[in-house]
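This report examines helix packing, salt bridges and backbone geometry in one protein model. The sequence and the coordinates are shown first.

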Amino acid sequence: MKKISLLLLSFVLLVSTSACESELDVVPQGAPSSGNFWKTPADAKAGVNAIYALYSDDNMYGRGFFWLNNASDDIGTKPRQNAERIKNFIVDGSESDTKDIWRIHYEIMKRCNDVIRNIPKIALDESTKNGMLGEAYFNHAVMHLELAYHYGDDRAGIPIQDREDPTNVFVPRAKNVAENYAYIEADLIKAADLLPYFDQLTPDNYGRAHKTAAWAYLVRTYLYAKDWDNAIKYANMIVASGKHKLLDNFEDVFKISNNWSSEYIWSVTSSAENTSLGSIFPGVCLEDKGWGVYNGWGNFYPTKELFDTYAANDKRRSATILQKGDKFVYFGETVTFNEGNHVVSSSNRTGYQFKKYMEPFSYPKTTSGGVDIRYVNANGDKPSTALNVPLLRYADVILMLAEAKLMKGQNADTEINMIRHRAGLTDIAGATMVDLKRERRCELAGEWTDRHFDLVRWGDAKETYAKPLHHYNGSVIYPARNFNPAIHHVWPIPPDEIAVSKGALTQNQGW
């Protein structure tokens with residue numbers, strides 16, 4: 001399919017051919033025209049499945065979208081020009097690593113709108129129809145939210161596609177991002193009303209949208225919109241549902257066997273065997289070249305600043321970060337990080353590595369010497385694994401609830417101590433935003449919750465980025481940076497999108 005502005009793209013539909021208990025079944029089948037599609041239940045199923053397909057795109061939850069989180073104080077990256085530009089807020093939006101983020105999100109939203117517009121016309125039983133519509137409203141809202149806070153502010157929101165008329169592609173920006181949040185809120189409320197709980201899904205449908213996921217993204221939306229009352233309301237609804245709980249052991253959250261655990265709310269459904277399905281993020285975080293055993297990409301590493309945030313007795317530290325001298329299992333062998341045959345490469349900017357995503361690489365190779373494709377993709381150039389990469393989990397809901405309570409002047413000790421207790425830390429009394437910020441950083445480090453935009457949202461980015469970042473040995477890897485809150489609180493819209501918009505799109509001020 002020719003790459004042009006997303007708002008002009010026709011989508012590639014994907015149809016399912018057989019059920020699989022651990023993954024959504026989506027297989028590319030071309031781009032049917034409106035004249036021969038949206039007629040049958042099979043068309044409806046294919047259209048819904050098409051929504052999920054682009055989650056696996058490398059420029060989405062593989063690595064591209066995470067480059068923007070490279071700006072944060074938690075991340076050091078393999079030296080490359082675009083990573084340095086992002087780190088120093090001197091991008092123009094045309095960088096090859098990130099320019100497709102806007103396009104792909106809008107393409108997914110278009111697929112969702114096609115479902116919402118067409119499925120009511122297809123002969124389906126009411127339950128099936130409602131579930132499909134719920135999935136479309138949910139996924140549209142998630143994509144919409146991710147773009148809204150990355151690119152929209154009180155001066156200009158992001159375009160809201162014409163849901164009823166897909167030919168109306170030159171849509172101006174919303175007046176402000178509050179309009180986007182209101183639209184997202186409405187979609188998520190509709191989705192929650194239509195969707196089942198996760199435990200009502202059959203295993204072959206795991207990975208599809210469900211009710212508490214819609215509520216959880218409502219909490220996140222309200223947090224960005226500073227609507228603390230509604231954030232508390234929906235977070236409490238999730239808690240009261242009894243559908244989720246924290247796993248007893250933090251490290252267990254990041255095991256393949258717990259892809260669908262009680263802590264799961266939303267993630268990228270992944271596969272090691274299906275090369276078109278899933279996130280390559282674990283392989284992207286693996287040491288560059290994987291010490292000659294597997295083709296790790298070595299793009300993102302934790303900083304000393306992140307490591308030092310943890311208390312020495314915090315169980316999350318050793319589960320999140322590998323430091324020099326740590327023992328870990330690598331393809332069936334116990335090895336020592338950054339010593340002997342496992343010294344880090346020169347491209348490792350920090351001397352650490354994220355451990356959260358290492359479990360798939362712990363399984364022994366086969367008797368023939370190949371990787372076990374039940375866990376790791378045999379193609380190192382597509383290092384997907386069987387581990388679902390979390391996008392929003394129950395611990396995040398608890399922390400968002402705590403944050404909203406604190407913003408309202410309410411006590412959040414119960415929520416903060418839930419998180420601390422699992423980490424092996426003592427309870428605290430009279431928790432403050434300082435405590436919340438520390439727990440959120442330690443709990444969600446290296447995840448897709450986006451530390452950079454936490455700092456922006458709290459108004460902490462300028463002060464935080466004015467401090468240098470360090471290698472584990474104390475040497476400076478990034479000097480102090482200049483973050484201008486009036487400009488850098490959003491990212492620039494890709495110029496290619498502006499160029500084809502016939503004047504409908506304008507660039508964010510200051511970029």
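The sections below treat salt bridges, an enclosed helix, two helix pairs and a few backbone angles.

**Salt bridges**

The model is predicted. It holds 43 salt bridges. Side chains of opposite charge can pair when their charged atoms come close. Three of the pairs are listed here with their N to O distances.

| Acidic residue | Basic residue | N to O distance |
|---|---|---|
| Asp187 | Arg163 | 2.8 Å |
| Glu439 | Arg420 | 3.0 Å |
| Glu443 | Arg422 | 2.8 Å |

In the pair formed by Asp187 and Arg163, the side chains meet at 2.8 Å, N to O. Asp187 belongs to helix H6 (residues 177-194), whereas Arg163 sits in the loop between helix H5 (126-151) and H6, so this salt bridge ties together parts that are 24 residues apart in sequence. Both ends are shielded: Asp187 is buried, with a relative accessible area of 2%, and Arg163 is buried as well, with a relative accessible area of 9%.

The other two pairs connect helix H14 with helix H13. The side chains of Glu439 and Arg420 meet in a salt bridge at 3.0 Å, N to O. Glu439 lies in H14 and Arg420 in H13 (residues 413-422), so the pair ties together parts that are 19 residues apart in sequence. Glu439 and Arg420 are both buried. Glu443 forms a salt bridge with Arg422, with 2.8 Å between the closest N and O atoms. Here too distant parts of the chain are linked, since Glu443 is in H14 and Arg422 is in H13, 21 residues apart. Glu443 is buried at a relative accessible area of 0%, and Arg422 is buried at 6%.

These contacts belong to a wider arrangement. Salt bridges that share partners join Glu263, Asp314, Arg316, Lys356, Arg393, Arg420, Arg422, Asp435, Arg438, Glu439, Glu443 and Glu447 into one network.

**Helix H13 and its surroundings**

How many of the 10 residues of H13 are buried? Seven of them are, so H13 is largely enclosed by the rest of the structure. The buried residues are Asp413, Glu415, Ile416, Asn417, Ile419, Arg420 and Arg422. They pack against helix H11 (315-320), strand S10 (389-393), helix H12 (394-407) and H14. Just after H13, Gly424 takes a positive phi of about 80 degrees.

**Two helix pairs**

Two packed helices are described by the angle between their axes and the distance between the axes.

For H5 and H6, the packing angle is about 155 degrees and the axes are 8 Å apart. Angles over 145 degrees count as roughly antiparallel, so H5 is roughly antiparallel to H6. Their crossing is left-handed. On the H5 side the contact includes Asn130, Gly131, Leu133, Gly134, Tyr137 and Phe138, and on the H6 side it includes Val177, Asn180, Tyr181, Tyr183, Ile184 and Asp187. By class, this contact has 14 nonpolar, six polar and two charged residues. Asp187 of H6, one of the residues that meet H5, is also the salt-bridge partner of Arg163.

For H14 (residues 433-444) and helix H15 (residues 451-458), the axes come within 11 Å and cross at roughly 165 degrees. That angle makes H14 roughly antiparallel to H15. H14 passes H15 in a right-handed crossing. Met433, Leu436, Lys437, Arg440 and Arg441 in H14 meet Arg451, Asp454, Arg457 and Trp458 in H15. The class composition of this contact is three nonpolar, no polar and six charged residues.

**Positive phi outside glycine**

Which way do the two residues with this backbone feature face, towards the interior or the solvent? Phe331, a residue other than glycine, has a positive phi near 50 degrees. Phe331 is located in the loop between strand S7 (327-330) and strand S8 (333-336), and it counts as buried at 9% relative accessibility. Lys502, likewise a residue other than glycine, has a positive phi near 55 degrees. Lys502 is placed in the segment after helix H17 (495-499), and Lys502 is exposed, with a relative accessible area of 69%.

Notes
Residues are numbered from 1 along each chain as its sequence is written. This is a predicted model: local features need pLDDT of at least 70, side-chain atom pairs count only at pLDDT 80 or more; totals for chains, interfaces and linings use all residues. Side-chain values use heavy atoms; hydrogens and water are left out. Axes are lines fitted to C-alpha atoms, for helices over the stretch in contact, and angles run from 0 to 180 degrees between N-to-C directions. Helices (H or I, at least four residues) and strands (E, at least two) are DSSP runs, numbered from the N terminus. Angles under 35 degrees count as roughly parallel, over 145 as roughly antiparallel, 65 to 115 as roughly perpendicular and the rest as oblique. A crossing is left-handed if the near helix is turned anticlockwise from the far one by less than a right angle, and right-handed if clockwise. Contact means heavy atoms within 4.5 Å. Ala, Val, Leu, Ile, Met, Phe, Trp, Tyr, Cys and Pro count as nonpolar, Asp, Glu, Lys and Arg as charged, and the others, Gly among them, as polar. A salt bridge is a side-chain nitrogen of Lys or Arg within 4 Å of a carboxyl oxygen of Asp or Glu. Buried means under 20% relative accessible area, exposed over 50%, partly exposed in between (1.4 Å probe, protein chains only).
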